[in-house]
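Reader: I should like to go through this protein with you, beginning with its sheet and ending with its charged side chains. Please show me the sequence and the structure before we start.

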Amino acid sequence: MSTTPDESTHAENSEESPLADPEFRERLRELPPSAKLVAKVLEGDAPLSQGQLAEESLLPDRTVRYALNRLEESDLVGSRYSFHDARKQVYYLSN
């Protein structure tokens, strides 16, 4: 009863990446570079926690938090609680 397949559900849907959508790209274009980098990391490997995003992007935790807030305000990123650790939220690109 592994929850790993459930966590990779959004990653499997990356065949039709939201970054390929012109409307998504237009909304992303107006955001800061840190938000663009976080979106690019999520495109290849989602869902990820804030800490995992900081590790993958090499950005400070605070910058990742700011980027996620901006992405959420623009409805470009969704979040849910992790199946592995309900204390953490994981993030993924919204379609």
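The questions and answers below concern a predicted model.

Reader: In what order do the three strands of the open sheet stand?

Author: The model is predicted, and its sheet has antiparallel pairing. Strand β1 pairs with β3 over two bridges, and β2 pairs with β3 over five bridges. The order across the open sheet is therefore β1-β3-β2.

Reader: Which strands stand at the edges, with one side left without a neighbour in the sheet?

Author: An edge strand has a single partner strand, so one of its sides has no neighbour in the sheet. This applies to the strand of residues 48-49 and to the strand of residues 77-81. The edge strands are β1 and β2.

Reader: Which residues of β3 are the bridge partners of L48 and V77?

Author: β3 comprises residues 89-93 and pairs with β2 in the antiparallel sense. The pairing of β1 with β3 is also antiparallel. In β3, the bridge partner of V77 is L93, and that of L48 is Y91.

Reader: How many of the five residues of β3 are buried?

Author: A residue counts as buried when its relative accessible area is under 20%. By this criterion β3 is mostly covered. The number of buried residues in β3 is four.

Reader: Which helix packs on the sheet, and what angle does its direction make with that of β2?

Author: β2 and β3 are paired over five bridges. The helix of residues 61-73 packs on the sheet and touches both of these strands. The helix is α6, and its direction makes an angle with that of β2 of about 110°.

Reader: Is S57 buried or exposed?

Author: S57 is found in helix α5, which spans residues 50-57. Its relative accessible area is 9%, and the limit for a buried residue is under 20%. Because 9% falls under that limit, S57 is buried.

Reader: Which backbone oxygen lies 2.7 Å from a polar atom of the side chain of S57?

Author: Not counting residues up to four places away in sequence, S57 touches L37, V41 and V64. The polar atom of its side chain lies 2.7 Å from a backbone oxygen, and that oxygen belongs to L53.

Reader: How many salt bridges does a search of the whole structure find, and what is the N to O distance between R29 and E26?

Author: The search finds five salt bridges, counted over the whole structure. One of them joins the side chains of R29 and E26. These residues are three apart in helix α3, so they are separated by about one helical turn. The total is five, and the distance between R29 and E26 is 2.8 Å.

Reader: Why do R29 and E26 both count as partly exposed?

Author: Partly exposed residues lie between the buried limit of 20% and the exposed limit of 50%. R29 has a relative accessibility of 48%, and E26 has 38%. Because both values fall between those limits, the class of R29 and E26 is partly exposed.

Reader: Which residue of the salt bridge between E73 and R70 is exposed?

Author: The side chains of E73 and R70 meet at 3.9 Å, N to O. Both residues lie in helix α6, about one turn apart. R70 is partly exposed at 25% relative accessible area, whereas a value of 60% belongs to the exposed residue, E73.

Reader: What is the N to O distance in the salt bridge between E72 and R65?

Author: E72 counts as partly exposed at 26% relative accessibility. R65 is likewise partly exposed, at 26%. Their side chains meet in a salt bridge, with an N to O distance of 3.6 Å.

Definitions and conventions. Residues numbered from 1 in each chain as written. Predicted model: local features only at pLDDT ≥ 70, side-chain atom pairs only at ≥ 80, totals over all residues. Heavy atoms only, no water. Buried < 20%, exposed > 50% of the residue type's maximum accessible area, 1.4 Å probe, protein only. Polar contact = N/O pair within 3.5 Å; in protein donor to acceptor, adjacent residues only side chain to side chain. Contact = heavy atoms within 4.5 Å. Pairing = 2+ DSSP bridges. Axes fitted to C-alpha atoms, helices over the stretch in contact; angles between N-to-C directions. Salt bridge = Lys/Arg side-chain N within 4 Å of Asp/Glu carboxyl O.
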